[in-house]
Amino acid sequence: MEEEFKTVMTLNDAISAQMVAAMLMDNGIPAAVFGADSTALTNMVGNIDVKVNAADYDAAMELINAPGEELPEEEGLTT
């Protein structure tokens with residue numbers, strides 16, 4: 001059975017996306033960054049998504065929205 005991924009944050013740079021993914025993983029939520037390779041190849045800034053398994057989406061959003069979390073400024077959230 002294939003696991004569905006959900007986007008928890010869309011950012012403009014790979015470093016910020018990696019920071020968000022690392023914070024989620026440090027808290028026990030597997031996360032992955034999508035789109036970073038294509039922006040690196042074109043040397044441009046673009047939409048880079050941080051995604052989690054659909055089952056972890058609510059917990060990830062709670063962490064991202066928790067008061068006191070120092071996260072990069074988000075470009076937008078996808079639900």
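Let me start with one pair: the side chains of T10 and D49 are joined by a polar contact of 2.7 Å. A polar contact here is a pair of N or O atoms within 3.5 Å; within protein, one must be able to donate a hydrogen and the other to accept it, and residues adjacent in sequence count only if both atoms are side-chain atoms. This is a predicted model, where local features need pLDDT of at least 70 and side-chain atom pairs count only at pLDDT 80 or more, while totals for chains, interfaces and linings use all residues. Residues are numbered from 1 along each chain as its sequence is written, and side-chain values use heavy atoms, with hydrogens and water left out.

T10 itself lies in strand 1. Is T10 buried or exposed? T10 is buried, at a relative accessible area of 11%; buried means under 20%, exposed over 50%, and partly exposed in between, with a 1.4 Å probe and protein chains only.

Now the overall layout. The chain has 3 helices and 3 strands, running β-α-β-α-β-α from the N terminus. Helices (H or I, at least four residues) and strands (E, at least two) are DSSP runs, numbered from the N terminus.

The strands make an open sheet of 3 in the order 1-3-2, paired antiparallel. Two strands pair if DSSP finds at least two bridges between them. Strand 1 (5-11) and strand 2 (31-34) are at the edges with a single partner strand each, so each has one side without a neighbour in the sheet. On average, neighbouring strands of this sheet are turned by 30° against each other, direction ignored. Strand 1 pairs with strand 3 (residues 48-53) in the antiparallel sense over 6 bridges, and L11 stands opposite I48 in strand 3.

Next, the helices on the sheet. Helix 1 (residues 14-26) packs there, touching strand 1, strand 2 and strand 3, and its direction makes about 15° with that of strand 3. Helix 3 (residues 57-64) also packs on the sheet, touching strand 1 and strand 3, with its direction at about 25° to that of strand 1. Axes are lines fitted to C-alpha atoms, for helices over the stretch in contact, and angles run from 0 to 180 degrees between N-to-C directions.

Last, confidence. The average pLDDT of the chain is 81, and 72% of the residues score at least 70; pLDDT is the predictor's confidence in each residue, from 0 to 100. Over residues 75-79, pLDDT stays under 50, and the model has 13 contacts (heavy atoms within 4.5 Å) for them beyond four places in sequence.
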